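Biologist: I am new to this structure and would like a close look at a single part of it, the salt bridges. Please set them out in a connected way, and add what is needed of the surroundings.

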Amino acid sequence: MSTDLKEALFGYTLRLGDTSLVLGHRLSEWCGHAPELEEDIALTNVALDLVGHARMLLTYAGELEGKGRDEDRLAYRRDVFDYRNHLLVEQPNRDFGHTIVRQFLHDAWAVELYERLCGSTDATLAGIAAKAVKEARYHVRHSGDWLVRLGDGTDVSHAKVADALGRLWPYTGEMVERDEAEQALVAAGIAPDPAELKAAWTARVEAVLEEATLDRPADGWMQKGGRRGEHSEHLGYLLAEMQFLPRAYPDANW
């Protein structure tokens, strides 16, 4: 593998790992606060799955980088501007409906991504995807079922998820952006074509929105910047909480 392609793969893997890690932490904030006990456990389990995906991806990113940084150093010893996660996943939970909309928009992308990455020419990335896709299929079914339940529920629940959909839709374009580095990965058969991914994601999302009696927001200007380390103010607060212990006790053995 050429140096340029390896660097592109490092950036790609880091972005996927960061996205899973940040969303996993966001979901963990619901532990003890979900609207019912069963959902409290379900959201916590999804959060654990996402952290597991992040561990695999960040471990591989560290190996590709070759600077001795393992999953823990990448997760806990980087500043906010070094994170490459999608802006969507760092948005605050707000209410349960808002969390479900954010989760579904991500899950619909993740399951399509991992299904395609299972055929990656990079054996390690394909192996990670083969493990992650099993959980991603459950995640999208879980969040999709809740979106239908809330969207086609009471007037109040419908209004809340419709409002959340309008707020979060401008963050979805970043998930299927295509830059020069990713184009090289697509050409090498390592990563799926973002255009194909966008079409599959759109079809999946539209089918669930129709069942949920929700109107798809019009495409327009999209938020972006997470891939370049340009984030909302929310990520800094999230990382301050997530990274506190390992930064406070850097020499501790856990």
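Modeller: What follows goes through the salt bridges one by one, then turns to a pair of helices and a surface patch.

The model is a predicted one. It holds 17 salt bridges. One of them joins Arg 78 to Asp 18, with the closest N and O atoms 2.5 Å apart. This pair links distant parts of the chain, 60 residues apart. Asp 18 belongs to helix 1 (residues 3–28), while Arg 78 sits in the loop between helix 3 (71–76) and helix 4 (87–90). Buried means under 20% relative accessible area. Arg 78 has 3% relative accessibility and therefore counts as buried. Asp 18 is buried as well, since its relative accessible area is 0%.

Another salt bridge is formed by the side chains of Glu 65 and Arg 69, at 2.6 Å from N to O. Here the two partners fall into separate classes: Glu 65, at 17% relative accessibility, counts as buried, whereas Arg 69, at 27%, is partly exposed.

A further salt bridge brings together the side chains of Asp 193 and Arg 178, with 3.1 Å from N to O. Asp 193 lies in the loop between helix 8 (180–187) and helix 9 (194–211), and Arg 178 lies in the loop between helix 7 (155–168) and helix 8, so this salt bridge ties together parts that are 15 residues apart in sequence. Asp 193 is partly exposed, with a relative accessible area of 25%. Arg 178 also counts as partly exposed, at 42% relative accessibility. Salt bridges can share partners too: in this way Arg 15, Glu 177, Asp 179, Glu 182 and Arg 227 are joined into one network.

Next come the helices. Glu 65, already met as a partner of Arg 69, is a residue of helix 2, which covers residues 37–65. The axis of helix 2 comes within 10 Å of the axis of helix 6 (residues 123–151), and the two cross at roughly 160 degrees. Angles over 145 degrees count as roughly antiparallel, and helix 2 and helix 6 are therefore roughly antiparallel to each other. Their crossing is left-handed.

The last item is on the surface. Phe 244, Leu 245 and Tyr 249 form a nonpolar patch there, and together they have about 340 Å² of accessible area. Tyr 249 is found in the segment after helix 11 (244–248). With a relative accessible area of 49%, Tyr 249 is partly exposed.

Conventions: Residues numbered from 1 in each chain as written. Predicted model: local features only at pLDDT ≥ 70, side-chain atom pairs only at ≥ 80, totals over all residues. Heavy atoms only, no water. Patch = residues over 30% accessible without salt bridge, like charges linked within 9 Å, V, L, I, M, F, W, Y side chains within 5 Å. Areas by Shrake-Rupley, 256 points an atom, 1.4 Å probe, with all protein chains shown as cover. Salt bridge = Lys/Arg side-chain N within 4 Å of Asp/Glu carboxyl O. Helix = DSSP H or I, 4+ residues; strand = E, 2+ residues; numbered from the N terminus. Buried < 20%, exposed > 50% of the residue type's maximum accessible area, 1.4 Å probe, protein only. Axes fitted to C-alpha atoms, helices over the stretch in contact; angles between N-to-C directions. Parallel < 35°, antiparallel > 145°, perpendicular 65-115°, else oblique. Left-handed = near helix turned anticlockwise from the far one by under 90°.
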